[in-house]
Amino acid sequence: MQLNDEKKIRLEYRVEPGCLGPQGLSYIEDFCRYANKHIKSPYYAQFLFTPRYDKQKSERQYSVNSRNLSQVQAKLYFDHFQINIEEFEEQLDELLSKAIDLYFKR
């Protein structure tokens, strides 16, 4: 199934430097580039991994066509595709964890 980019849900995932260990701040920029290259988005979404330097900003920000969505709106979007948002986020967290392991093994 194909979806125009304007209709895809975009997830900006802000990655905590601390999840890369005590020296995470040294690696976070490079890791985000690595994650953006190696973690593939499903057909209905676009992922963007960025460093989370500002704790005031949420870890995840969903948007469609450059418009930010509330958690309720994001859930409705996923419901349209019969996808449970909580399961989606858990799976993405697992992918991110695996990417961290692979990043440090290269």
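# Exercises on a predicted chain

In this chain, residues 24 or more positions apart account for 72% of the contacts with a separation of 6 or more, where contact means heavy atoms within 4.5 Å. The model is predicted: local features need pLDDT of at least 70, side-chain atom pairs count only at pLDDT 80 or more, and totals for chains, interfaces and linings use all residues. Residues are numbered from 1 along each chain as its sequence is written, and side-chain values use heavy atoms, with hydrogens and water left out.

## Exercise 1: the whole chain

Find out which elements the chain has and in what order they run.

Solution.
- Start with the inventory: there are 3 helices and 4 strands. Helices (H or I, at least four residues) and strands (E, at least two) are DSSP runs, numbered from the N terminus.
- Next, read from the N terminus: the order is β-α-β-β-β-α-α.
- Now look at the overall form. The chain has a radius of gyration of 14 Å, close to the 13 Å of the globule rule for 106 residues, so it is as compact as a globular protein of that length. This radius is taken over C-alpha atoms, and the rule is 2.2 Å times the number of residues to the power 0.38.
- Along the principal axes, the C-alpha atoms fill a box of roughly 40 × 30 × 20 Å.

## Exercise 2: surface and charge

Work out what share of the 106 residues is buried, and what the chain exposes.

Solution.
- Begin with the terms: buried means under 20% relative accessible area, exposed over 50%, and partly exposed in between (1.4 Å probe, protein chains only).
- Buried residues form 42% of the 106 residues.
- About 7,100 Å² is exposed, and carbon and sulfur atoms supply 47% of that area. Accessible areas come from the Shrake-Rupley method with a 1.4 Å probe; for residues, only the protein chains shown count as cover.
- Finish with charge: 16 side chains are positive and 16 are negative, and the centres of the two sets lie 5 Å apart. Lys and Arg count as positive and Asp and Glu as negative, while His and the chain ends are not counted. Each charge is placed at NZ of Lys, CZ of Arg, CG of Asp or CD of Glu.

## Exercise 3: building the sheet

Put the strands in their sheet order and say which ones stand at the edges.

Solution.
- Two strands pair if DSSP finds at least two bridges between them.
- Take β1 (residues 9–15) and β2 (residues 45–51): they run parallel and are joined by 7 bridges. Across this pairing, Ile9 stands opposite Ala45, and Leu11 faces Phe47.
- Add β3 (residues 60–64), which pairs with β1 in the antiparallel sense over 5 bridges.
- Put together, the open sheet of 4 strands has the order β2-β1-β3-β4, with mixed pairing. β2 and β4 (67–68) stand at the edges with a single partner strand each, so one side of each lacks a neighbour in the sheet.
- Last, check the cover: 6 of the 7 residues of β1 are buried, so this strand is largely enclosed by the rest of the structure. In β2, 5 of the 7 residues are buried.

## Exercise 4: three residues

For Arg10, Leu48 and Glu29, decide where each one sits and what it touches.

Solution.
- Arg10 belongs to strand β1 and is partly exposed, at 33% relative accessibility. Its bridge partner in β3 is Ser63. Beyond four places in sequence, Arg10 contacts Gln46, Leu48, Gln61, Tyr62 and Ser63.
- Leu48 lies in β2 and is partly exposed at 26%. With neighbours within four places set aside, the contacts of Leu48 are Arg10, Leu11, Glu12, Tyr13 and Asn36. Leu48 and Arg33, 15 residues apart in sequence, have C-alpha atoms 9.3 Å apart.
- Glu29 sits in helix α1 (residues 24–38) and is partly exposed at 39%. Not counting residues up to four places away, Glu29 touches Pro51 and Tyr53.
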